[in-house]
Amino acid sequence: MNEGILTGYRVLARKYRPDRFSELIGQESLVRTLSNALSLGRLAHAFVLTGVRGVGKTSTARLLARGLNCIGTDGNGEPTLEPCGACEPCLAIAAGRHVDVLEIDAASHTGVDDAREIIEGVGYRPVSARFKIYIIDEVHMMSKSAFNALLKTLEEPPDQVKFIFATTEIRKVPVTILSRCQRFDLRRVSAEDLAQHLTAICAKEDILADEEAIIALARAAEGSVRDALSLLDQAAAMSADKISSDGISSMLGRPGRSDSIAILRAAIAGDAAGALDAFAAAHANGAEPEMAIADLMDLIHRASMAAAGGSPDMVLEVEKAPIAALAEVGIARLGRAW
């Protein structure tokens, strides 16, 4: 049996989880704000991190917990955004076994009794760390009574206690909670940044992937680093570490870009039979109708940007001429096509 299977394969999304803030992708504003807060001594007692799935909320929370409790290799270090990763607090927090850093899944701890346990624990000083830190993931899942129970503690916690909340549904968190926290909105990662990240990982993992395949994966991830790495994992397994654009289209159930361009050209030219034939060919090759429509809309969007004088992002060399030709149709017809 393969040795990798025996020892347990570690998926790329876990293997390449950031170990320091400089490795966070596309969150420069967050890193700059936290860095200034640390240097000026204005670090809040409670944070709420929000954003779509896979942009780094939980990773940021864990990094912040490590940075606040890092003591450096000499044991005299101050709170930092670049934890050493070698001291006892760093190692224990990274392994999830530090007694003073509690990571709570709010989806399974929703009630007021769970909030009371937190409130009781806040009253005790940290056992060995600089700060006692509560990381509450998916905090929007907590009940109204649990939120209400936390209000007083969250407003005036002891100096040695920090709260870090993470959520994908910020609108479900009561404003009374939000007003007591410093809020950070983690933005979607651009397709360009994702493509660069995937290219770097392919080089490290000895995965052969052409540029078009990498761009297709970056687009399909829709701004989520975790989704991008999960798709790369799947594609590498499917193609034995030799990823092609055709293989990606097949895996995602999307038509090839040439198929989508053929469908759109025929439709805009009024050739209904040609458009249907082009779609039938794409469907026969495994393209899902919903994905075909999404791909057509993406092409129309890029052509509309070109028609308006903008510069569409992440356009492959082979797509430039067809998109420029579509742009000549004019924004009005492209708008109708959309």
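# Guided tour of the model

Select E222 to begin: its relative accessible area is 47%, so the residue is partly exposed (buried means under 20% relative accessible area, exposed over 50%, and partly exposed in between, with a 1.4 Å probe and protein chains only). This is a predicted model, in which local features need pLDDT of at least 70 and side-chain atom pairs count only at pLDDT 80 or more, while totals for chains, interfaces and linings use all residues. Residues are numbered from 1 along each chain as its sequence is written, and side-chain values use heavy atoms, with hydrogens and water left out.

**Two loop residues with positive phi**

E222 sits in the loop between α10 (211-220) and α11 (225-239). Helices (H or I, at least four residues) and strands (E, at least two) are DSSP runs, numbered from the N terminus. The phi of E222 is near 55°, a positive value in a residue other than glycine. Most residues other than glycine have a negative phi.

Move next to D241, in the loop between α11 and β7 (242-243). D241 also is not a glycine, and its phi is positive at about 65°. With 33% relative accessibility, D241 is counted as partly exposed.

**Helix α11 and its surroundings**

Select A236, which belongs to helix α11. A relative accessible area of 6% makes A236 buried. Apart from neighbours within four places in sequence, A236 is in contact with I207, D241 and I243, where contact means heavy atoms within 4.5 Å. The residue D241 visited above is thus one of the contacts of A236. To follow the chain back, pick the C-alpha atoms of A236 and V225: 11 residues separate the two along the chain, and the distance between these atoms is 16 Å.

V225 leads to the following stop, since H197 is in contact with I25, V225 and L229 when neighbours within four places in sequence are left aside. H197 lies in helix α9 (residues 191-205) and is buried, at 18% relative accessible area.

Then select Q27, in the loop between α2 (12-15) and α3 (28-40). Is Q27 buried or exposed? At 4% relative accessibility, Q27 counts as buried. Beyond its neighbours within four places in sequence, the contacts of Q27 are V55, L186, R187 and V189.

**Helix α13 and two partners**

Display helix α13 (residues 257-268) together with helix α16 (residues 317-327): the two pack at an angle of about 15°, with their axes 11 Å apart. Axes are lines fitted to C-alpha atoms, for helices over the stretch in contact, and angles run from 0 to 180 degrees between N-to-C directions. Helices α13 and α16 are therefore roughly parallel to each other (angles under 35 degrees count as roughly parallel, over 145 as roughly antiparallel, 65 to 115 as roughly perpendicular and the rest as oblique). Their crossing is left-handed; a crossing has this hand if the near helix is turned anticlockwise from the far one by less than a right angle, and is right-handed if clockwise. To see the contact, select R257, I261, L264, R265 and I268 of α13 with E319, P322 and L326 of α16. These residues comprise 5 nonpolar, no polar and 3 charged. Ala, Val, Leu, Ile, Met, Phe, Trp, Tyr, Cys and Pro count as nonpolar, Asp, Glu, Lys and Arg as charged, and the others, Gly among them, as polar.

Keep α13 on screen and add helix α14 (residues 272-284): the axes of α13 and α14 come within 8 Å and cross at roughly 165°. That angle makes α13 roughly antiparallel to α14. The crossing of α13 and α14 is left-handed. The contact joins D259, A262, I263, A266 and A267 of α13 to G274, A275, A278, F279 and A282 of α14. By class, the residues of this contact are 8 nonpolar, 1 polar and 1 charged.

**Cysteines**

How many disulfides does the structure hold? There are 0 disulfides, a disulfide being a pair of cysteine sulfur atoms within 2.5 Å. Select C84 and C87: the closest cysteine sulfur to that of C84 is in C87, at 3.5 Å, too far for a bond. C84 is partly exposed at 28% relative accessibility, whereas C202 is buried with a relative accessible area of 5%.

**The whole chain**

Finally, zoom out. The chain has 17 helices and 7 strands, and its C-alpha atoms fill a box of roughly 75 × 50 × 35 Å along the principal axes. Of its 338 residues, 45% count as buried. Among contacts in the chain with a separation of 6 or more, 74% come from residues 24 or more positions apart.
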